[in-house]
Amino acid sequence: MLTDEEFRLFRNFIYEESGIYLKETRKDFLENRLVKRMSATGIKSPYWYYRHVTQQKATELLCLLDLLTVNETSFFRNKPQMDLFKSIILSELIKKKESAGERRLRIWSAGCSTGEEPYTAAMIVLDSVSFIEKWDIKVYASDLSLTALASAAKGEYVIEKVNATVDDGYINKYFEKSSRGERPFAPTSDQNGYCYKVKDAVKKFVVFDFHNMKNDNGLRNLDVIFCRNVMIYFDMDEQKRLINKFYQGLNNGGYLLVGHAESLQGMNTGFQFMHSCGATAYKKE
């Protein structure tokens, strides 16, 4: 259904608007996603849908981009890296800030999906910082998917999913069992109509917002950036631009954590590679 020429039209448009690069092998994937949006809009032809989406960037483009990202995540995903964040990175940052008389911590989860990553970061911070009430802490969480952000803001998760990756200690402290009431069999509830809900004591530190990685959201003076399994959507030029943006946004001594299948190897950056706890990270010297 989707011709090679039409594929190139969509690929170029999507790349210009979001930085997402679709290889030739992703033609069937794109066609499948286009069919869903064409069905929703009542448009029969890929070309006419192309005309529609290019003219309705403020609305339809967001719907299309929402379908192009895979919101697969979990709490404490890549546990060795989260252990590195807690035992080495966060410990170092806390000591450094306390010795300087500063109690301000800024973390960014770039590509936060349905919220598990930023909530995990917030829980680890709560578990690590003494006298938390004296600190100014924010975990910024952004994503391209409005659907994922809406789910993240609710902070409701299937009990089995939480139990699979979260220790009982964290569950007891930072989650509460909740009934879905009038929506007992919603996607986030179990067969009995219950889910785990992130407590407000955690949620108050997390700020969710829409962000297209193609643009600059203005975040600066950050201490830690999580950008895991996001660069896989970009070509090398966009990856380099993104890494440079992260470098500019971090404080000296700040850290960047990327996905286990991602790397800054071959890029000329100011980051120093570090390996500890069976995981990797990059430090801005």
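## Questions about a predicted model

A polar contact of 2.9 Å links the side chains of S145 and D66. The model shown here is a predicted one.

Reader: Is S145 buried or exposed?
Author: Let's place this residue before we judge it. S145 sits in the loop that runs between strand 2 and helix 7. Buried means under 20% relative accessible area. The relative accessibility of S145 is 0%, so S145 counts as buried.

Reader: Which residues does S145 touch, leaving aside those up to four places away in sequence?
Author: You have already met one of them, since the side chain of D66 makes a polar contact of 2.9 Å with that of S145. Leaving aside residues up to four places away in sequence, S145 touches D66, T69 and N71.

Reader: Why are A148, L149 and A152 on the same side of helix 7?
Author: Good one to think through! Helix 7 covers residues 146-154, and A148, L149 and A152 are buried in it. An α-helix has 3.6 residues a turn, so residues three or four places apart point the same way. The three buried residues are on the same side of helix 7 because they cover an arc of only 100° around the axis.

Reader: Which elements do the buried residues of helix 7 pack against?
Author: Recall that the buried residues here are A148, L149 and A152. Their packing partners are helix 6 (116-128), strand 2 (136-143), strand 3 (156-157) and strand 6 (206-210).

Reader: Which residue follows helix 7, and what is its phi near?
Author: Helix 7 spans residues 146-154. Next comes G155, with a positive phi near 70°.

Reader: What is the bridge partner of E156 in strand 5?
Author: Let's start with the sheet. This open sheet has 3 strands in the order 3-5-4, paired antiparallel, and its edge strands are strand 3 and strand 4 (175-179), each pairing on one side only. Strand 3 and strand 5 (residues 194-198) pair over 2 bridges. In strand 5, E156 has as its bridge partner K197.

Reader: Which element gives the most to the lining of the largest cavity?
Author: Searching the whole structure turns up 1 cavity of 30 Å³ or more, and the largest cavity has a volume of about 30 Å³. Its lining includes W108, D216, I225 and F246. Strand 7 (222-227) and helix 11 (236-249) each supply at least two lining residues. With 3 residues, the element that gives the most is helix 11.

Definitions and conventions
Residues numbered from 1 in each chain as written. Predicted model: local features only at pLDDT ≥ 70, side-chain atom pairs only at ≥ 80, totals over all residues. Heavy atoms only, no water. Buried < 20%, exposed > 50% of the residue type's maximum accessible area, 1.4 Å probe, protein only. Helix = DSSP H or I, 4+ residues; strand = E, 2+ residues; numbered from the N terminus. Arc of directions from axis to C-beta. Contact = heavy atoms within 4.5 Å. Pairing = 2+ DSSP bridges. Polar contact = N/O pair within 3.5 Å; in protein donor to acceptor, adjacent residues only side chain to side chain. 1 Å grid on protein atoms, 1.4 Å probe; cavity = no way out; pocket = protein on both sides within 12 Å on 5 of 7 lines; lining within 4 Å. Points joined across faces, edges and corners; volume = space filled by probe spheres on them.
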